[in-house]
Amino acid sequence: MYYFKRAGLLAVAVIVTMSGQTAPGQTSLVTGMGNFSHVVSNLDKSIAFYRDVLGLELTAPPAPFSDNPAIMKLGNTPGAQSHIAVMKIPGAAFGVELIDYKDIDRKPAHPRFQDPGAANLAILVKDVDAVATRLKEAGAHILTAAGAPVEVQGIEKGFFAQDPDGFVIEVTQLNSLPAAASKTSGNVFGASVEITIADTDQTVKFYRDLLGFQLRVGDAFNGNKLMADTAGTPGAQFRQSSGNIPGTAVRLTLIEFKDIDRKPLSMRVQDPGAALLQLRVQDVDAAVNKLKAGGATVVSTGGEPVTMGNRKLAIVRDPNNLFLELLPAQ
């Protein structure tokens, strides 16, 4: 069992190797996680960013564009071709899946951190300054007001930046590295997921009541100026709730902002800047029916799961227009 203590925008988040249990009497639809998918405008450019700048690992060369009919139905992208690259995150139980589309209309979203529906990757590294240097050399947009890593609460040093399509990346070096850091040979040794939300009560109800997440709900907004400036959201206050994705040790943090301009995102699956959080469920049909009954919108063609080989999949929207891709349990 190991713990990470993280300050910064996530305050103190404890990541524990555990089974992701639900509250007594509550059944979780979710049994695990797949990957964290980002829709990009140029796959080669994004691979270079995540591999050469951040230090993630490309699991295999991407296959050519494909016009798979089942994939078109899954994302409701008629006529589109797509191809993907999967980036392994050292020390993490999930990867980043980069997806590129063509032969379909696309509108880049370039989300901001404070916009509901933005989905962000937080990585833990052993040397944050090295990452900052590579990001600057690559011409990446640094959100942190200081333009460089910042010490926060004497616990960590970190900064925020954006990838070529606007996805926010939080990079953190803990002042006291945990034992888990020694288990990876490179600089990266862990990761978690952050989602910017419009309304805490509405979103917590969705993830708790429909999907069975256990979440510690933030009861107040935090107006810490250093944290807001570090996150590139000057003047903002933020409220955060967090918990492990059921069946995993992956931390999910929900962040609601106020006192800053916000524009809710409403993207299509093919639009660069869109994100999909892959969740594993015991029964995809049952999960889709429960989510539909709870008011969720099914994106997949016809509002029903799609059959791919011997399994079913579906894509739905959460209350913040984040895409959730439902996969069968392994």
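Before we look at a hairpin, let me say what a strand pair is: two strands pair if DSSP finds at least two bridges between them. With that in mind, please keep in view that this is a predicted model, and let us begin with strands β8 and β9, which form a hairpin with five residues between them, and where Gly-166 in the turn has a positive phi of about 95 degrees.

These two strands, β8 and β9 (residues 168-174), run antiparallel and are joined by seven bridges, and as one example you can find Phe-160, whose bridge partner in β9 is Glu-170. Strand β8 itself covers residues 156-162, and six of its seven residues are buried.

What else does β8 pair with? Strand β7 (residues 150-152) pairs with β8 in the antiparallel sense over three bridges, with Glu-151 finding its bridge partner in Lys-157 of β8. These two strands also form a hairpin, here with three residues between them, and Gln-153 in the turn has a positive phi of about 55 degrees. Strand β6 (residues 141-142) is antiparallel to β8 as well and is joined to it by two bridges, and Ala-161 in β8 is the bridge partner of Ile-142.

Let me move on to helix α3, residues 128-137, in which Val-128, Val-131, Ala-132 and Leu-135 are buried. Because these residues cover an arc of only 100 degrees around the axis, they sit on the same side of α3. The buried residues of the helix pack against α1 (43-53), β5 (119-125), β6, β8 and β9, so that brings us back to the strands we have just followed.At the start of α3, a side-chain oxygen of Asp-127 reaches to within 3.2 Å of the backbone nitrogen of Asp-129, and just after the helix Gly-139 takes a positive phi of about 75 degrees.

Now to the nonpolar core. In the largest one, which has 64 residues, Tyr-50, Leu-121, Tyr-207 and Leu-211 touch the most other members. If we take Leu-121 and leave aside residues up to four places away in sequence, the residues touched include Phe-36, Tyr-50, Val-168, Ile-169 and Glu-170. Apart from this core lies another, of 19 residues, among them Ala-80, Ala-118, Ala-274 and Phe-323.

My last stop is Thr-248, in the loop between β11 (237-244) and β12 (251-258). Is Thr-248 buried or exposed? Thr-248 counts as buried, because its relative accessibility is 10% and buried means under 20%. A polar atom of the side chain of Thr-248 also lies 3.0 Å from the backbone nitrogen of Val-250.

Definitions and conventions: Residues are numbered from 1 along each chain as its sequence is written. This is a predicted model: local features need pLDDT of at least 70, side-chain atom pairs count only at pLDDT 80 or more; totals for chains, interfaces and linings use all residues. Side-chain values use heavy atoms; hydrogens and water are left out. Buried means under 20% relative accessible area, exposed over 50%, partly exposed in between (1.4 Å probe, protein chains only). Helices (H or I, at least four residues) and strands (E, at least two) are DSSP runs, numbered from the N terminus. A polar contact is a pair of N or O atoms within 3.5 Å; within protein, one must be able to donate a hydrogen and the other to accept it, and residues adjacent in sequence count only if both atoms are side-chain atoms. A nonpolar core is a set of buried Ala, Val, Leu, Ile, Met, Phe, Trp, Tyr and Cys residues joined through side-chain atoms within 4.5 Å. Contact means heavy atoms within 4.5 Å. The arc is that of the directions from the helix axis to the C-beta atoms.
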